[in-house]
Amino acid sequence: MSILVTGANGQIGSELVGTLSETDRVIASDLASPSSASRTTAPDGIVFEKLDVTDRDGLHAVTEKYGIHTIYHLASLLSVTGEKNPDRAWDVNVNGLKHVLDLARARGLKVFWPSSIAVFGRATPAGRAPQTTILDPSTIYGVTKVSGEFLCRYYCEHFGVDVRSLRYPGLISYRTPPGGGTTDYAVKILTAAAEGTPYECFVGPETQLPMMYMPDAIRAAIELMHANPGFISVRTSYNVSAVSFTVGQLIDAVRARVPDFDIAYRPDRRQRIADSWPRDVDDRRAREDWGWRPKFDLNAMVDDMLAHLAPERSSVPNA
Ligand code: NAD
Ligand code: AKB
């Protein structure tokens with residue numbers, strides 16, 4: 001019995017496969033093999049299958065070939081990439097998910113599927129977005145995530161599919177660059193600081209969004225998947241939060257370690273997307289149901305990112 005990870009070359013998948021493979025046999029899959037995808041590193045010893053999630057028959061074949069019992073379904077177009085090709089975003093994000101859920105229904109598989117803070121929007125109460133609230137997406141990506149959340153709950157309630165989901169905030173990591181989202185600026189700022197290059201930011205200094213460091217994001221997914229099903233009361237998607245900071249606060253944390261870091265601001269269309277998302281999310285339900293607790297705050301995350309991206313800077317005293 002094995003775990004299939006779709007979209008395995010991406011920002012999350014490239015790290016998740018390594019963690020999952022410590023305890024399970026993992027089959028990584030994506031549109032191209034890790035060696036031909038320029039932005040990824042292939043974890044050693046992981047079986048790789050080229051797989052387009054819009055290809056239902058291909059999904060069935062891989063699942064049967066390896067005796068898959070669980071799918072971590074990560075293949076997706078993110079918010080900025082989705083706006084460039086809304087048809088493709090719908091096909092991959094919604095039809096791909098439906099293929100996975102149909103497969104799970106037919107074969108009794110367990111599924112993890114990430115949603116996003118992109119489900120929220122201008123009509124969502126400002127500040128900390130509640131678990132149950134108005135979903136008002138402004139991007140096709142957000143529209144696919146809202147659709148996906150209700151598709152997951154429908155398959156759980158009507159067909160008994162054990163599908164579990166998290167509404168991730170922006171994720172910050174050093175191994176694989178982010179794949180075309182609005183929250184990418186946080187990784188880009190930290191990468192530029194580590195490289196000693198100036199950065200032109202596509203959102204303004206007051207922009208505040210919820211974020212999470214990748215080790216917390218990976219742990220959240222695995223803890224949710226291991227939780228007793230009786231404790232899972234949300235079958236759309238759980239709010240999970242870790243840190244929330246403005247761009248200005250991130251720059252302050254960076255400059256405490258890299259004093260000469262140079263940033264300029266040129267907000268573009270991504271500012272409107274960022275402005276439509278909440279500054280924070282209320283994750284009490286995840287904490288109560290399955291014990292969610294983040295470990296990394298802003299300073300711990302910046303320290304760890306710089307330690308990996310630029311080890312020579314990690315000796316700079318903390319703020
Ligand atoms: P990513 O863009 O880095 O990776 C997505 C991967 O999916 C890519 O490797 C891409 O090649 C692959 N892919 C695209 N179309 C495919 C298809 N048709 N068939 C198979 N593979 C395909 O994304 P990520 O950041 O790793 O995100 C993974 C999941 O987590 C997505 O559902 C995303 O919406 C969600 N999420 C991510 C973040 C974040 O900040 N990274 C935040 C919230 C939610
Ligand atoms: C994006 O910005 O599109 C993603 C997300 C928050 O879903 N990082």
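Which residue of β5 is the bridge partner of Thr 70? To find out, keep in mind that the model on your screen is predicted, and begin the tour at the strands.

**First stop: strand β5**

Select residues 110–116, which make up strand β5, and look for Lys 110, because that residue is the bridge partner of Thr 70. The pairing belongs to a set of three bridges that join β4 to β5, and these two strands run parallel. Now add residues 162–168, which form strand β7; β5 and β7 also pair in the parallel sense, here over seven bridges. Lys 110 appears again in this pairing, since it stands opposite Asp 162 in β7. If you show the rest of the protein around the strand, you can see that β5 is largely enclosed by the rest of the structure, because six of its seven residues are buried.

**Second stop: helix α1**

Next select residues 13–20, the helix α1, which is mostly covered, with six of its eight residues buried. Those buried residues are Gly 13, Ser 14, Glu 15, Leu 16, Val 17 and Leu 20. To see what they pack against, display β1 (2–6), β2 (25–30), β4 (68–73) and α7 (214–226) together with the helix.

**Third stop: the nonpolar cores**

In soluble globular proteins, nonpolar side chains tend to be buried together. In this model the largest nonpolar core has 43 residues, and those with the most contacts inside it are Ile 172, Tyr 185, Ile 189, Tyr 199, Leu 250 and Phe 261. Several elements each supply at least two residues of this core, among them α5 (140–159), β10 (208–213) and α11 (298–309), while α6 gives the most, with eight residues. Centre the view on Leu 250, which, when residues up to four places away in sequence are not counted, touches Ala 186, Ile 189, Leu 190, Phe 245, Leu 298 and Val 302. A second, separate core of 33 residues can be picked out by selecting some of its members, including Leu 166, Leu 171, Ala 221 and Tyr 238.

**Fourth stop: Asn 239**

Move now to Asn 239, which lies in strand β11 (residues 238–239). Is this residue buried or exposed? Asn 239 is buried, because its relative accessible area is 0%, under the 20% limit used for that word. Its side chain makes a polar contact with the side chain of Arg 167 at 2.9 Å, and the side chain of Asn 239 also reaches the backbone oxygen of Asp 282 at 3.0 Å.

**Fifth stop: ligand 1**

Select ligand 1 and show the 27 residues that surround it, of which the closest are Gln 11, Asp 30, Asp 52, Tyr 141 and Lys 145. A polar side-chain atom of Lys 145 lies 2.8 Å from an oxygen atom of the ligand, and a polar side-chain atom of Arg 88 lies 3.3 Å from one of its nitrogen atoms. Taken alone, ligand 1 exposes 830 Å², and the protein buries 93% of that.

**Last stop: ligand 2**

Finish with ligand 2, around which you will find Leu 78, Ser 79, Ser 116, Ile 117, Tyr 141, Gly 181, Thr 182, Thr 183 and Trp 277. Oxygen atoms of ligand 2 lie 2.5 Å from a side-chain N or O atom of Ser 79, 2.6 Å from a side-chain N or O atom of Ser 116, and 2.7 Å from a backbone N or O atom of Thr 182. On its own ligand 2 has 250 Å² of accessible area, and the protein covers 94% of it.

Notes: Residues are numbered from 1 along each chain as its sequence is written. Chains are lettered from A and ligands numbered from 1 in the order in which they are written. This is a predicted model: local features need pLDDT of at least 70, side-chain atom pairs count only at pLDDT 80 or more; totals for chains, interfaces and linings use all residues. Side-chain values use heavy atoms; hydrogens and water are left out. A nonpolar core is a set of buried Ala, Val, Leu, Ile, Met, Phe, Trp, Tyr and Cys residues joined through side-chain atoms within 4.5 Å. Buried means under 20% relative accessible area, exposed over 50%, partly exposed in between (1.4 Å probe, protein chains only). Helices (H or I, at least four residues) and strands (E, at least two) are DSSP runs, numbered from the N terminus. Contact means heavy atoms within 4.5 Å. A polar contact is a pair of N or O atoms within 3.5 Å; within protein, one must be able to donate a hydrogen and the other to accept it, and residues adjacent in sequence count only if both atoms are side-chain atoms. A residue is near a molecule or strand if one of its heavy atoms lies within 4 Å of it. Accessible areas come from the Shrake-Rupley method with a 1.4 Å probe; for residues, only the protein chains shown count as cover. Two strands pair if DSSP finds at least two bridges between them.
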